[in-house]
Amino acid sequence: MARLVIQGQRPLRGEIRVAGAKNAALPMLAASLLTGEEVVFDNVPDIEDIHTIVELLGHVGADVQYTPAEHQVRVNARNINNPVIPPELAAKARASFLLVGPLTGRLGRAMAPHPGGCAIGSRPVNVDVKGLADMGATVVHEGEYYAVRAPGRLRGNKVYLDYPSHTGTENLLMAAVLAKGKTVIKHAAAEPEVSALADLLSAMGANIKGAGTSIIEVEGVDELHGVRYTVVPDRIESGTFAIAAAISGGELSMAPAVMAHMDPLTHKLREVGVEVEDEGEAYRVRGGWQLTPTELQTLPYPGFPTDLQACFSTLLTQADGMSIVHERVYDNRLQYSGELAKMGARMEVEGQSARIFGPAHLKGARVRALDLRAGAALVLAALAADGETVIEDVHHLERGYEDIVSKLTAVGASIRREQ
Ligand code: EPU
């Protein structure tokens, strides 16, 4: 098991190259199963979740060449023949379920166990299952698998989502592009990663309107073709480093960035007293002033991202007064408060809300990364803390952040990884 050792209280300064977005690359790699031609992806992050999905693509019969050092994946799914997602890979990542839509579209069949991923609350797949059934598939439980069958082709239909699920929308979008006729997905997720997936699918020959809004319309086509595509920058990685600049009292510039994707964070950072500059392709953030407390709620995009909730709450431990945070997306994503408390943070959690009392004097301690973003929050707390922090179970962090040790070291952090 690896751990991080961090000496705090050093302002970070410099520029950070932001990797391709994990949550965009994962569905895009799944989408490569929708064509028998080669799809080449550039700017793919070198992180654990990508290794898992690459392994899965190989498992279902695709020919995959992954060169992490070049951030490139080439997929040729001409000969896919195995519609079964193995339980050991399904357990590793929520994204494993993203193969269900494309496999059903291409092979008329998919067998997938309930997916794993970070333990941050209940993570059902009923949106995906119900939508596929609306499009003519039968979905039954067979042992530990969801068995999806759609002999012939899926049929376009009106599909209303009970919740604008991010992977649910992506799965149904991928199922719809090869369906017969028109599909209208209502109450769809509007996350930038969904728009990026629609953009990739359109470049492969799909006919999609409205991605990035709550109503997506898809006119099915007979087949898709190969393409070369660059993954969008990771807004959550950018946001994590933005908060690192603020909490360390330094100044960082993150590039490349799509400024519009950063709006929910920019708005909140400015409100609490952090300077943010839009430099076109770069997102520049400067801290160092006394922060004011605020009230924040996470919501589906364009609301404040749940994936930055733990990081922003950590910043709020340094605000002068009481802040309130409502986690409205997941029902158990405030567990990290116990770890932050070991470092001196004062957070009172009740249900899905927390009251944070600041400014707290954070001190180095031995803590555990409980999940990916909780781990990132602890890194931020350690950067602000007096003394040495040891973060155990750092593999959670490595599922989603590429080379975080080198990136932080290059801008002045004292951080090392120990096995
Ligand atoms: N939900 C339902 N029904 C469903 C599916 C989801 O009610 O059928 C509820 C869940 O219970 C949960 C909420 O919807 O409370 C959010 O789930 P959603 O399906 O939208 O999220 P996801 O697709 O599982 C993706 C990202 C998450 C990110 C969320 C929200 C991937 C692989 N994961 O998860 O990323 O938090 O969207 O934007 O794209 C992370 O990167 O740390 C991470 C957890």
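The legends below describe close-up views of a predicted model. Residues are numbered from 1 along each chain as its sequence is written, and side-chain values use heavy atoms, with hydrogens and water left out. Because the model is predicted, local features need pLDDT of at least 70 and side-chain atom pairs count only at pLDDT 80 or more, whereas totals for chains, interfaces and linings use all residues.

**View 1. The ligand and its shell of 22 residues.** The shell consists of residues with a heavy atom within 4 Å of the ligand; the closest are Arg 94, Ser 165, His 166, Asp 307 and Val 329. By class, 8 of the shell residues are nonpolar, 7 are polar and 7 are charged (Ala, Val, Leu, Ile, Met, Phe, Trp, Tyr, Cys and Pro count as nonpolar, Asp, Glu, Lys and Arg as charged, and the others, Gly among them, as polar). At least two shell residues come from each of helix 1 (22–31), helix 5 (126–134), helix 6 (166–176) and helix 12 (372–384). Helices (H or I, at least four residues) and strands (E, at least two) are DSSP runs, numbered from the N terminus.

**View 2. Polar side chains at the ligand oxygen atoms.** An N or O atom in the side chain of Ser 165 is 2.6 Å from an oxygen atom of the ligand. For Lys 22, a polar side-chain atom lies 2.9 Å from a ligand oxygen, and for Arg 123 the distance from a side-chain N or O atom to a ligand oxygen is 3.1 Å. On its own the ligand has 820 Å² of accessible area, of which the protein covers 91% (Shrake-Rupley method, 1.4 Å probe).

**View 3. Arg 284 and its glutamate partners.** Arg 284 belongs to strand 16 (residues 282–286). Its side chain makes a polar contact of 2.9 Å with that of Glu 279 and one of 3.0 Å with that of Glu 251. Such a contact is a pair of N or O atoms within 3.5 Å; within protein, one must be able to donate a hydrogen and the other to accept it, and residues adjacent in sequence count only if both atoms are side-chain atoms. Beyond four places in sequence, residues in contact with Arg 284 (heavy atoms within 4.5 Å) include Glu 15, Leu 252 and Glu 275.

**View 4. Backbone geometry in three loops.** Most residues other than glycine have a negative phi, and most peptide bonds are trans. The bond from Ala 255 to Pro 256 is cis, with omega near -5 degrees; Pro 256 is in the loop between strand 14 (251–255) and helix 9 (259–272). Gly 358 and Pro 359 are also joined by a cis peptide bond, with omega about -5 degrees. Gln 9, in the loop between strand 1 (3–7) and strand 2 (13–17), has a positive phi near 65 degrees.
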